[in-house]
Amino acid sequence: MSAIKEELKKRNQDLCELCNAEIASIAYTVSPKSDESIENQVAVCDVCMKATDDNNSGFHWRCVEGSIWSPYASVQALSFRILNQYKEEAWANDLISSVDLDENTIQWALSAFEVKDIHKDAFGNVLVTGDNVVLTQALNVKGTNFTASKGTVVKKIKLVHDNAEQIEGKINDQVIVILTKFVKKG
Ligand SMILES: [Zn+2]
């Protein structure tokens, strides 16, 4: 927390970047970033600041339904982090599945929960959304009649967020879940 810079305030016309309703009064630096450049900060109001200390403020945080669409990564990361705390609730879960944030932003958001599960391929290479991978063995595709042969290239994979052992990718125009241990980063 620190004094709010004019430049940061201007980003959302003096309003809180989370609730978009109250005047922003605090510059909130989104951990683990510590340098106070505004790229790492979110302009926050007193009401939102209080709500971050309260575990039962799910009703207040419906505002992230708006802030998650902010063009600023710091606001997206903080919004996603808040959202993740309410992921058991339908509204939050729906939102998590509908947003398409940059992988780095999601990692930033989830770093607060010490998510150890980083997606890695069969050889320990870190996988991110958008990577191309190659199947290291033939796979039977569940619910279909075809087998994807070893060496099949799967372009632009998506990570499955709550399971570090799974990715999603398209084979034969079908989106399927693939285990990370059967792929190699291409
Ligand atoms: Zn606010």
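**A two-domain chain, from Asn20 outwards**

Asn20 is partly exposed: 15 other C-beta atoms lie within 10 Å, a count that falls short of the 20 needed for a buried residue and exceeds the 12 that is the upper limit for an exposed one. The model in which Asn20 sits is a predicted one. Asn20 belongs to the loop between α1 and β1, and its phi is near 60°, a positive value in a residue other than glycine. Most residues other than glycine have a negative phi, and most peptide bonds are trans.

The loop between α1 (6-11) and β1 also holds Asp14. Here phi is near 75°, again positive in a residue that is not glycine. Asp14 has 14 other C-beta atoms within 10 Å and is therefore classed as partly exposed.

A further backbone feature lies in the loop between β1 (26-29) and β2 (41-44), where Pro32 is placed. The peptide bond leading from Ser31 to Pro32 is cis, and its omega is near 5°.

These local details belong to a protein chain with six helices and ten strands. Its C-alpha atoms fill a box of roughly 55 × 35 × 25 Å along the principal axes. Of the 186 residues in the chain, 29% are buried. Among contacts with a separation of 6 or more, 53% are between residues 24 or more positions apart.

The domain assignment divides the chain into domain 1, covering 6-113, and domain 2, covering 133-185. A distance of 33 Å lies between the C-alpha centres of domain 1 and domain 2.

How do helices α4 and α6 lie relative to each other? Two packed helices are described by the angle between their axes and the distance between the axes. For α4 (residues 73-85) and α6 (residues 103-110), the axes come within 8 Å and cross at roughly 50°. The two helices are therefore oblique to each other, since 50° is neither under 35 degrees, the cut-off for roughly parallel, nor within the 65 to 115 span that counts as roughly perpendicular. The residues in contact are Ala73, Gln76, Ala77, Phe80, Arg81 and Asn84 on the α4 side, and Thr105, Ile106, Trp108, Ala109 and Leu110 on the α6 side. The crossing of α4 past α6 is right-handed.

Next come the sheets. One is an open sheet of three strands in the order β6-β3-β10, with antiparallel pairing. Its edge strands are β6 (153-154) and β10 (183-185), each of which pairs on one side only. Strand β3, residues 133-135, is joined to β10 by three bridges in the antiparallel sense. Within this pairing, Val133 stands opposite Lys185 in β10.

Another open sheet is also built from three strands, ordered β7-β8-β9 and paired antiparallel. Which strands stand at its edges? They are β7 (158-159) and β9 (174-179); each has a single partner strand, so one side of each has no neighbour in the sheet. The pairing of β7 with strand β8 (residues 166-171) is antiparallel and runs over two bridges. Leu159 faces Ile167 of β8 across this pairing.

Terms used: Residues numbered from 1 in each chain as written. Predicted model: local features only at pLDDT ≥ 70, side-chain atom pairs only at ≥ 80, totals over all residues. Pairing = 2+ DSSP bridges. Helix = DSSP H or I, 4+ residues; strand = E, 2+ residues; numbered from the N terminus. Contact = placed C-beta atoms within 7 Å. Domains from an automatic or database assignment. Axes fitted to C-alpha atoms, helices over the stretch in contact; angles between N-to-C directions. Parallel < 35°, antiparallel > 145°, perpendicular 65-115°, else oblique. Left-handed = near helix turned anticlockwise from the far one by under 90°.
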